[in-house]
Amino acid sequence: NLKAQQEPRAWPRARSMAGPVTLRRIRSRNAAGCTGLLTLVAGVAATVVIGRTAALCFGIGSSSRSLGLRQPGAAAAAATARAAAMGRRPQDLASDAQRLLQDFADVVASTGFEGGLARAAQAAKAVALTAADIAREPPSELNEAFLAKALRQLFERLGPTYVKLGQFIASSPTLFPADYVREFQQCLDSTSEVPFAEIIRTVEEDLGRPLGAVFSYVDPKPLATASIAQVHAARLPSGEEVVIKVQKRGIQDTLNTDLGFIFLASRILEFINPELNSRGSLADIASDLRNSMLGELDFGQELENLETFRSFLDAQGLDAVATAPKPFPRVSSRRVLTMERLRGVPLVDLEGISRYSRDPEATLVAALNVWVVSVQSCDFFHADVHAGNLLVLEDGRVGFLDFGIVGRMPPAMSAAIDDLNTGLAANDAQGIAAALISMGATVGKVDERKFAADIEKLLVRLQGAESDGSSASGVDESQVQEIVLEVAQVAGNNGLKLPREFGLLIKQALYFDRYTKLLAPGLDMMSDSRVARFRSEVEVSA
């Protein structure tokens, strides 16, 4: 069942040659292409955020001018686009146009007439409502914060694809400008409940059996609902308590259509202004984003992640202190994931933890060590360890939930992380700067001494913030995000673009830092011998 449906077609990355696109092929798909133009507008809006990031990170220009977009009183923008186009040789221009037409045909063929028409109508309504909001309350000043807010409101109205894109922006402070990262923290992932009849229909279609033949009981009321799936408590005929995660109907077509047009928008912007390719392909970023987001729809991949993490715990002898839900492949599919139900309390529930753990500090250290060891010894690390995804279970173990977002440590980054840890432990700004430079992409030569001085100022500021006791009552996720943004900003100001994996990694480390201040304020993570270090052997015990 895991491979019952055909894998989604991946949009091409930058290609040196493209297959022929005949006028007949273009004409036959013209109607479908026209119906998707309004959706393309939304795709351009999404791509502008990515393009704005390219401008900031790569020094390509400023704001939408670097994208070759017209603005009131900004004739230079149009001139930049014309100059870029005129700078290409005729044969290069023809080749670029041929590739663009080929990609346009591929997107239209994949989305189809009905998909394009439906999303065009939805996009028109979303754009109209957002424009009406702006007309009612026009901004006193046109700035990045206003644009970020308008885009966030548009994304929420456009539905699941753009909500997910907004969450991607919010979780990538090393890639996107701070105004957008902050604003998209508010991107809502809550939707109305799907009728239970639809859940039954999806389960029976995917598993090929009546619901009653698979489960002895399914609670009609969902435990949770989000943009792409809904979760229900259930029981297997064997008596095992499980939860079933069921994909919402039609979400695959919606994401495929939307992401196709986001990719197409990026290709159009690159065609208008080839300068965007000078430091990396905008279309490649959009293509990778599409593949990543569509990958979340394959619950078979999440099932494999669960099995891999459980195998890692077993191989490392950590299954006595931590676990992840056991998946049930025989009653799972691409759109249905059945897994063990874990019962416990969030890691920040001090009163609840005391019922299941005699030593909350030791439990915290165990959770931290399991995560650190997974970064270096597992195929991936959990990249969303907020309090809702870490439970202290009734048996005292730590439960890791939700493996939809994971990160992978590139081999080249491992040594840099070692050096970074050493620098942090010694409060050595120069060592921290050297480690960050070794792991990031640079734009020109980085002044390591100036970078170290900026890091020194940041460390002093952060230490001052820690001493005010503002985080003693809980884990402030916005504060975690602000620290990551400050690190990314200091790096960017010094010509350094940190990889997204580093942003994911440091954000999880900051979560654990906050948990430490809540559960074990006297624990020094940098010097305590119980705390695991990267590239070191450590015994993890509860």
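**Figure 1. Surroundings of L458 in helix 18 of the predicted model**. Leaving aside neighbours within four places in sequence, L458 is in contact with E486, V487 and V490. The C-alpha atoms of L458 and E486 lie 7.8 Å apart, although 28 residues separate the two in sequence. Helix 18, which holds L458, covers residues 448–466. The relative accessible area of L458 is 6%, under the 20% limit, so L458 counts as buried.

**Figure 2. Packing of helix 15 against helix 20**. Helix 15 comprises residues 360–377 and helix 20 residues 500–519; their axes come within 10 Å and cross at roughly 170 degrees. An angle over 145 degrees counts as roughly antiparallel, so helix 15 runs roughly antiparallel to helix 20. From helix 15, the contact is made by L364, A367, L368, W371 and V375. Helix 20 contributes L505, Q508, A509, F512, Y515, T516 and L519. By residue class, the contact between helix 15 and helix 20 holds 10 nonpolar and 2 polar residues, and no charged ones.

**Figure 3. Helix 6 and its two ends**. Helix 6 runs over residues 144–158, 15 residues in total. At 1.5 Å a residue a span of 21 Å is expected, and the end C-alpha atoms are 21 Å apart, so the two values agree. The N-terminal end of helix 6 is capped by N143, which places a side-chain oxygen 3.3 Å from the backbone nitrogen of A145. Just after helix 6, G159 adopts a positive phi of about 100 degrees. Buried residues of helix 6 are E144, F146, A148, A150, L151, R152, L154, F155 and L158.

**Figure 4. E183 of helix 8 and its contacts with A148, K149 and R152**. E183 belongs to helix 8, residues 178–183. With residues up to four places away in sequence not counted, E183 touches A148, K149 and R152. The side chains of E183 and R152 are joined by a polar contact of 2.7 Å. E183 has 12% relative accessibility and therefore counts as buried. R152 is likewise listed among the buried residues of helix 6, as is A148.

**Figure 5. K248 in the loop between strand 4 and helix 11**. Strand 4 spans 241–247 and helix 11 spans 251–272, with K248 in the loop between them. The side chain of K248 forms a polar contact of 3.4 Å with the side chain of T225. Because its relative accessibility is 13%, K248 counts as buried.

**Figure 6. Backbone conformation at D402**. D402 is not a glycine, yet it has a positive phi of about 60 degrees. D402 sits in the loop between strand 10 (398–400) and strand 11 (406–407). The relative accessible area of D402 is 38%, so D402 is classed as partly exposed.

**Figure 7. Overview of the protein chain**. The chain contains 20 helices and 13 strands. It has 542 residues, of which 49% count as buried. Of the contacts between residues at least 6 apart in sequence, 71% join residues at least 24 apart.

Methods: Residues are numbered from 1 along each chain as its sequence is written. This is a predicted model: local features need pLDDT of at least 70, side-chain atom pairs count only at pLDDT 80 or more; totals for chains, interfaces and linings use all residues. Side-chain values use heavy atoms; hydrogens and water are left out. Axes are lines fitted to C-alpha atoms, for helices over the stretch in contact, and angles run from 0 to 180 degrees between N-to-C directions. Helices (H or I, at least four residues) and strands (E, at least two) are DSSP runs, numbered from the N terminus. Angles under 35 degrees count as roughly parallel, over 145 as roughly antiparallel, 65 to 115 as roughly perpendicular and the rest as oblique. Contact means heavy atoms within 4.5 Å. Ala, Val, Leu, Ile, Met, Phe, Trp, Tyr, Cys and Pro count as nonpolar, Asp, Glu, Lys and Arg as charged, and the others, Gly among them, as polar. Buried means under 20% relative accessible area, exposed over 50%, partly exposed in between (1.4 Å probe, protein chains only). A polar contact is a pair of N or O atoms within 3.5 Å; within protein, one must be able to donate a hydrogen and the other to accept it, and residues adjacent in sequence count only if both atoms are side-chain atoms. The expected span of a helix is 1.5 Å times one less than its number of residues.
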